[in-house]
Amino acid sequence: MPIMIQLDRRPRRNRKSAGVRDLVQETNLQVSDFIFPMFVVEGTRQKSEVKSMPGIYRYSLDNLLEELKEVTDLGIRAIDLFPNYPESKKDRFASESYHEDTFYLKAITAVKEQFPELVIMTDVAMDPYSSDGHDGLVENGKILNDATLEVLANMSLAQAKAGADILGPSDMMDGRVGYIRRHLDAHGFTDVSIMSYSAKYASAFYGPFRDALESAPKFGDKKTYQMNPANKREALLEAQLDFEEGADMLMVKPALSYLDIIRLLDENFDIPIAAYNVSGEYAMVKAAAQNGWLDGERAMMEVLTSIRRAGAKCILTYFAKEAAAILNKR
């Protein structure tokens, strides 16, 4: 005889079938939640895989435009475009970043012309263009905060003129959101949004990205401007300053090891919170899946759902295409 126990609550009833589980599901992923980071290089007919990021490529503009047909057909509505510059075009002032004829700005314009409904986000930081490999201007081994702001403002204005919809200041210099906002507004670009990297931590999970851009710092590290991974309250301060300076969205980076920070900002600010599911997080899942140590597809969807559950309104993720293909079948 089966043992019958009288229970007032049986939570398993809400898990008894797929239909019931779907009915009561609290967090849902949508393709429109994703921003797909992509890498562009100078030249033509270029497509090279980033070795530490299986399935992710650097594209020349012609191949990027071809790839975007597939990306947009999947329903992905936003990309974040990053440039890979050769050392020959880098200097300590990142002056290539705002030259009108530079390939990155031309790529932004070309993408916008061919895919006018696609949201184009750009990166605002010196490191892709800097001979020092840092996000700010270097002098005598130190990162100069205030002197960097003018470079970032010039870069931002150039990207706005090229057709960017959202600017992503990723440098972590103090005061940069307000400085950029005022510079954009003074030149009539009041509609260009700012998604600030508000809580960007000095993380070990950025390695594959730096491989993709070949932009690792030439000396030292970035701990004088990126946040200490041990700190939580500091994220509130950084986010509050960016909010007051006019940021339209606040970002946490990385995402997976900082779900508590995503939740913290979501609970304290009434503007959208974004999270960057960074290259190292992507590479970990890919490497483990390739070795048969876990189910890569299930792990991917679990990771993305956890970021969304923590409170991120949108997710920058290299999984965007794969996840979109799965979601479109549901």
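1. Glu238 is a good place to start: leaving out residues up to four places away in sequence, Glu238 touches Met172, Ser198 and Met227. Please keep in mind as you read that this is a predicted model. Glu238 sits in helix α7, which covers residues 233-244. UniProt, in an unreviewed entry, lists Glu238 under "binding site". With a relative accessible area of 13%, Glu238 falls under the 20% limit, so Glu238 counts as buried.

2. Next come the two lysines that the record singles out. The unreviewed UniProt entry gives Lys200 and Lys253 for "active site". They span 54 residues in sequence, yet no two of their C-alpha atoms are more than 4.8 Å apart, so the pair gathers at one spot. From this set, Lys253 is part of the lining of the second largest cavity.

3. Let us stay with Lys200 for a moment. Lys200 belongs to strand β9, residues 193-200. Is Lys200 buried or exposed? Lys200 is buried, and its relative accessible area is 5%. Setting aside residues up to four places away in sequence, Lys200 touches Asp135, Ser170, Met172, Tyr206, Gln226, Met227 and Lys253. Met172 and Met227 are worth a second look in your viewer, as they appear among the contacts of Lys200 and also among those of Glu238.

4. On the Lys253 side, look at the backbone. The peptide bond that runs from Lys253 to Pro254 is cis, with omega near -5°. Pro254 is in the loop between β10 (249-253) and α8 (259-268).

5. Val278 brings you back to both of those residues. Not counting neighbours within four places in sequence, Val278 is in contact with Phe205, Tyr206, Lys253, Pro254 and Tyr318. Tyr206, one of these partners, is also among the residues touched by Lys200. Val278 is found in the loop between β11 (273-277) and α9 (279-290), and it is buried, with a relative accessible area of 1%. The C-alpha atoms of Val278 and Gly207 are separated by 9.5 Å, while the two residues are 71 places apart along the chain.

6. Now for a helix pair elsewhere in the chain. Two packed helices are described by the angle between their axes and the distance between the axes. Here the axes of helix α2 (residues 61-73) and helix α3 (residues 103-114) come within 11 Å and cross at roughly 35°. The crossing of α2 past α3 is right-handed. Which residues of α2 and α3 meet? From α2 come Leu61, Leu64, Leu65, Leu68 and Lys69, and from α3 come Ala107, Ala110, Val111 and Gln114. Sorted by class, the contact has seven nonpolar residues, one polar and one charged.

7. The loop between β4 (78-84) and α3 holds Ala94, and Thr102 lies in the loop between β4 and α3 as well. Ala94 has a positive phi of about 55° although it is not a glycine. Ala94 is buried, with a relative accessible area of 0%. Thr102 is buried too, at a relative accessible area of 2%. Apart from residues up to four places away in sequence, Thr102 touches Tyr85 and Glu96.

8. A positive phi also turns up at Asn140, where the value is near 55° in a residue other than glycine. Where is Asn140 placed? Asn140 lies in the loop between β6 (137-139) and β7 (142-144). The surroundings differ from those of Ala94: Ala94 is buried, whereas Asn140 is exposed, with a relative accessible area of 76%.

9. Finally, two phenylalanines in strands. Phe82 is part of strand β4 and counts as buried at 1% relative accessibility. Between Phe82 and Met121 there are 9.1 Å from C-alpha to C-alpha, with the two residues 39 apart in sequence. Phe39 is in strand β1, residues 34-41, and counts as buried at 0% relative accessibility. For Phe39 and Lys112, which are 73 residues apart along the chain, the C-alpha atoms are separated by 16 Å.

Notes
Residues are numbered from 1 along each chain as its sequence is written. This is a predicted model: local features need pLDDT of at least 70, side-chain atom pairs count only at pLDDT 80 or more; totals for chains, interfaces and linings use all residues. Side-chain values use heavy atoms; hydrogens and water are left out. Axes are lines fitted to C-alpha atoms, for helices over the stretch in contact, and angles run from 0 to 180 degrees between N-to-C directions. Helices (H or I, at least four residues) and strands (E, at least two) are DSSP runs, numbered from the N terminus. A crossing is left-handed if the near helix is turned anticlockwise from the far one by less than a right angle, and right-handed if clockwise. Contact means heavy atoms within 4.5 Å. Ala, Val, Leu, Ile, Met, Phe, Trp, Tyr, Cys and Pro count as nonpolar, Asp, Glu, Lys and Arg as charged, and the others, Gly among them, as polar. UniProt positions are given in the numbering used here, feature names are shortened, and annotations may be inferred rather than shown by experiment. On a 1 Å grid over the protein atoms alone, a cavity is a set of points where a 1.4 Å probe fits but cannot get out, and a pocket is an open set with protein on both sides within 12 Å along at least five of seven lines; lining residues have an atom within 4 Å of a point. Buried means under 20% relative accessible area, exposed over 50%, partly exposed in between (1.4 Å probe, protein chains only).
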